[in-house]
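Here is a walk through the fold, from helix crossings to the sheet and back to the helices. Keep the model open while reading.

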Amino acid sequence: MASHYQKPHAILIPYPYQGHITPFVYLAIKLASHGFTITFVNTHYIHSKISNSQTQRHSNKDDLFAKARENGLDIRYATVNDGFPLGFDRSLNHDQFVEGLLHVFSAHFDEVVGNLVKSDPPVTCLIADTFYVWPLMIAEKYNLVYVSFWTEPALVLTLYYHMELLKKNGHFASQDNRKDTIDYIPGVEAIEPRDLMSYLQATDIWTVVHRVIYKAFTDIKKADIIICNTVQELEFDTLSALNKKQPTYAIGPIFPSGLTKAPFSISLWSESDCSQWLNNKPNTSVLYVSFGSYAHTSKEDILEIAHGLQLSGVNFIWVLRPDIVSSDETDFLPVGFEECIKDRGLIVPWCKQIEVISHPAIGGFLTHCGWNSTLESIWCGIPLICFPLLTDQFTNRKLVVNDWKIGINLCDKKRVTHEEVAEKVSNFMCGDSTQELRKAMKEVRKTLENALGQDGSSEKNFHQFMEDIKVNIRKRAGLSNGHVSPLHQNGNGLAH
């Protein structure tokens with residue numbers, strides 16, 4: 001029986017958004033390169049988006065991991081129905097889609113897992129995105145070790161984890177939320193209400209996303225292990241406090257080795273090549289502007305930012321997703337804007353972000369503060385101008401601007417104005433204060449580099465995490481035979 005459990009086989013299932021898929025893919029590769037068998041599960045829709053975005057030069061359109069298998073890694077690939085037809089607009093019908101993820105998706109995924117437990121080697125571990133609401137149920141049904149993978153910073157994790165405290169103290173879910181400093185969350189020195197995630201600032205607290213959050217953060221407390229795409233040294237107190245509750249490993253940033261040359265594309269959109277345009281620009285002279293893969297903004301904000309960029313006189317690349325305002329409104333730039341900016345600005349629907357921000361011509365990044373974008377910028381040493389739109393982005397901005405001092409706010413008022421955009425962008429790209437940001441960025445980047453080194457905290461935590469999975473697998477094997485494995489009492493050996 002024991003030999004049956006020698007090779008761990010983990011199912012990985014990311015939440016079906018770009019920012020979640022990317023770290024999951026690299027986690028799959030990292031685990032497989034350490035001897036795990038992996039089955040990576042994407043929804044049919046996400047698989048179709050990635051396949052359709054590939055150019056002809058990518059021969060492995062139907063299997064993300066064909067190249068990895070050629071290199072000897074045991075990564076299998078499966079797809080699952082998310083409950084909606086491929087032509088259904090998940091962005092325009094967001095709430096309906098999330099209702100489906102909440103109530104329908106688990107039945108489809110359960111069927112996939114039911115088949116995989118009969119595979120060779122049998123599945124022994126489920127690594128699921130924290131935002132899913134059914135992993136605990138499925139892990140218990142099939143006697144799998146349950147790992148909750150949190151793809152955002154530990155600060156965001158702990159605020160959701162302690163929602164009840166925020167509620168009890170009147171900072172969340174009260175008739176009139178308190179506006180004073182929050183100083184009672186374990187491992188968080190202090191945070192202002194404006195820096196909470198948008199869902200914890202909301203007045204309507206029974207949206208479908210809120211219901212997902214409530215269920216997901218009840219279930220995470222029963223996970224065998226939590227892994228977090230962050231760095232221990234950057235969020236030490238927060239992670240230490242979480243570790244007192246249950247095993248929590250900071251194993252980030254989860255990048256491929258040699259980040260600027262990713263092994264394959266996992267983009268949901270076709271990527272424009274900006275390198276030729278950038279090659280003609282002086283070093284650090286170009287501002288990169290992107291608001292990520294998911295969040296929407298208003299047409300008014302886009303118009304103000306466009307006028308501000310035009311007034312600033314700065315060179316820029318602006319990634320403007322066709323659905324940045326909404327799926328059915330595609331004409332949102334000022335009339336004649338592209339003619340006015342000519343050689344100074346390049347507008348593309350999507351691009352290879354890492355290749356762009358690692359180019360010597362890039363001097364700054366105007367960002368929505370998505371967590372992947374933040375980590376990638378740090379790795380490439382690019383200071384940030386922050387314009388958060390949704391969810392964790394407000395809390396990420398707090399880390400960037402207040403804690404690590406590697407960025408500035410785009411707007412200090414409620415509404416963004418073209419005057420403020422022009423002034424901020426111009427000072428940011430050409431002013432003296434940017435030197436301070438660059439200096440701070442070097443320090444934070446060094447922390448990331450050290451964490452990923454051979455003796456670094458993330459590397460040590462990753463190995464401890466893998467051992468913890470194996471211990472939990474043996475415990476489950478022992479339990480199914482009516483006894484607990486004596487190898488480990490609790491499986492909580494944590495690296496500090």
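A crossing of two helices is left-handed if the near helix is turned anticlockwise from the far one by less than a right angle, and right-handed if clockwise. Keep in mind that this is a predicted model.

Start with helix α7, residues 154-161, and helix α11, residues 236-245. They pack at an angle of about 45 degrees, and their axes lie 9 Å apart. Angles under 35 degrees count as roughly parallel, and 65 to 115 as roughly perpendicular. The pair α7 and α11 is therefore oblique. In passing α11, α7 makes a left-handed crossing. On the α7 side, the contact uses A154, L155, L157, T158 and Y161. On the α11 side, T238, L239, L242 and K245 meet them. By class, this contact has six nonpolar, two polar and one charged residues.

How many residues of α7 are buried? Eight of its eight residues are, so the helix is mostly covered. They are A154, L155, V156, L157, T158, L159, Y160 and Y161.

Now turn to the sheet. It is open, has seven strands and pairs in parallel. The strand order is β3-β2-β1-β4-β5-β6-β7. β3 (75-80) and β7 (248-250) are the edge strands, and each pairs on one side only. Ignoring direction, neighbouring strands of the sheet are turned by 20 degrees against each other on average.

Look inside the sheet at β4, residues 125-129, and β5, residues 145-150. These strands run parallel, and five bridges join them. One residue pair to find is I127 with its bridge partner V147 in β5. Helix α5 (residues 105-116) packs on the sheet. It touches β1 (9-13), β2 (37-43), β3 and β4. The direction of α5 makes about 160 degrees with that of β1.

From α5, move to helix α4, residues 94-103. Its buried residues are H94, F97, V98, G100, L101 and L102. They pack against α5 and α10 (208-219).

Finish with a second crossing. Helix α13 (residues 299-312) packs with helix α18 (residues 418-430) at an angle of about 45 degrees. Their axes are 7 Å apart. α13 and α18 are therefore oblique to each other. Which hand does the crossing of α13 and α18 have? It is right-handed. From α13, E304, I305, H307, G308, L309, L311 and S312 take part. They meet H418, V421, A422, V425 and S426 in α18. The residues of this contact divide into six nonpolar, five polar and one charged.

Conventions:
Residues numbered from 1 in each chain as written. Predicted model: local features only at pLDDT ≥ 70, side-chain atom pairs only at ≥ 80, totals over all residues. Heavy atoms only, no water. Axes fitted to C-alpha atoms, helices over the stretch in contact; angles between N-to-C directions. Helix = DSSP H or I, 4+ residues; strand = E, 2+ residues; numbered from the N terminus. Parallel < 35°, antiparallel > 145°, perpendicular 65-115°, else oblique. Contact = heavy atoms within 4.5 Å. Nonpolar A, V, L, I, M, F, W, Y, C, P; charged D, E, K, R; others polar. Pairing = 2+ DSSP bridges. Buried < 20%, exposed > 50% of the residue type's maximum accessible area, 1.4 Å probe, protein only.
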